[in-house]
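Colleague: Before we go through the sheet and its helices, please show me the model.

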Amino acid sequence: MITIYDIAKTTGFSPTTVSKVFNDYADVSPKTRRKILETAEQLGYLPNAHARSLTTKRSWTIGVLFNEPSGAGILHPYFAGVIEGFKKVSTSRGYDLMFISKDIGGKKSSYLEHCKIRGVDGVVVILPDFTDPYFLELLESNIPCVLLDQESDTKSTIYSDNIAGGILAVNYLHELGHRLIAHIGGGNTFAGEKRLQGYLQAMEGLGLSVDPEHVIQGSYDYTVESGRIAMEELLKASVLPSAVFAAGDNLAVGAMMAVKNQGLRVPEDISIIGFDDIEMVKFLTPALTTIRQDTYALGNKAADMLIYTIEGGEEVQSDMLPVELVIRESCRSL
């Protein structure tokens, strides 16, 4: 079995220097660190996790608190992108991932209890409901956390520029000549509220009135079915909107289904724009125009933030990533 002494002999560095690299000491130059890690990989060296834990006082395990209520679970395109980006950075820095729940061995427990039992070094939190008392208990603990799609004064956070995305969507529809622009919201969620805020800001800025009948809230889980139900309500309005901005792509897909079920067409009768740019929407007929957020980058940045805190960083960080308009076929010019 390859040991640090074999790596020291091959590289010419001392065993102490090799050990410092594998235990993330800061007093090793990037050039030396790179050479030792490359040599370790070439030789097939596998550090002893138990020994490393004793040395660093860390478990080298990160918890993933992930609750996706639509039923798609980790297969949901938004969460899959985030977790893949998070995993890429975490594993490259030597951390393993563990999913956190309130059920350990068939017994109910809290998120905090699960984290303590498993000894995780930190937790990335991806939840639709940040009012969950079990989450709030974890938030108040001293376990390092990074929250996605949320704001906090005590924990680091990362999210997309949802307000700007809502403004982009409405401005684009306005440029196409639309004035009766409706909105299907994402329920009582951080992202949903911000996207609604962007919609309202843009409508006000353009001098467009907002008909209360044209603002329908979908459910907080952003399902296709929720979008279909919301669109059916919009189609009952006394004045039919010419365009709809949906707070999520799944909501937009459901809206397109409802329009079709009523014998209408997208975009000939109603234009629809979504938010997220999940993989499937480019294959729809018509392909969905949407606001793209970079889920992979969200995961990458969340991992950087969390590891910074785990490794002694004291600053509470917050970052907002830009979004962009992706024009396809579901909106037409009037």
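Modeller: Two strands pair if DSSP finds at least two bridges between them. Bear in mind that this is a predicted model.

Colleague: How do you know that strand E8 and strand E10 pair?

Modeller: Strand E8 (residues 181–185) and strand E10 (residues 243–246) share 4 bridges, and the cut-off is at least two bridges, so they count as paired. Their sense is parallel. Within this pair, Ala-182 stands opposite Val-244 in E10.

Colleague: Which order do the strands of the open sheet follow?

Modeller: The order of the 6 strands is E9-E8-E10-E11-E12-E14, with mixed pairing.

Colleague: What makes E9 and E14 edge strands?

Modeller: Strand E9 (215–217) and strand E14 (324–326) each pair on one side only. From one strand to the next, the twist averages 20°.

Colleague: Why is helix H9 called roughly antiparallel to E8?

Modeller: Helix H9 (residues 190–205) runs at about 165° to E8; angles over 145 degrees count as roughly antiparallel, so the term applies to H9 and E8. H9 lies across E8, E9, E10 and E11.

Colleague: Why is H10 called oblique to H11?

Modeller: The axes of helix H10 (residues 224–234) and helix H11 (residues 249–261) cross at roughly 50° and come within 6 Å. That angle is neither under 35 degrees nor in the range 65 to 115 nor over 145, so H10 is oblique to H11. The contact includes Met-231 of H10 and Leu-251 of H11; by class it has 8 nonpolar, 5 polar and 2 charged residues.

Conventions. Residues numbered from 1 in each chain as written. Predicted model: local features only at pLDDT ≥ 70, side-chain atom pairs only at ≥ 80, totals over all residues. Heavy atoms only, no water. Helix = DSSP H or I, 4+ residues; strand = E, 2+ residues; numbered from the N terminus. Axes fitted to C-alpha atoms, helices over the stretch in contact; angles between N-to-C directions. Contact = heavy atoms within 4.5 Å. Nonpolar A, V, L, I, M, F, W, Y, C, P; charged D, E, K, R; others polar.
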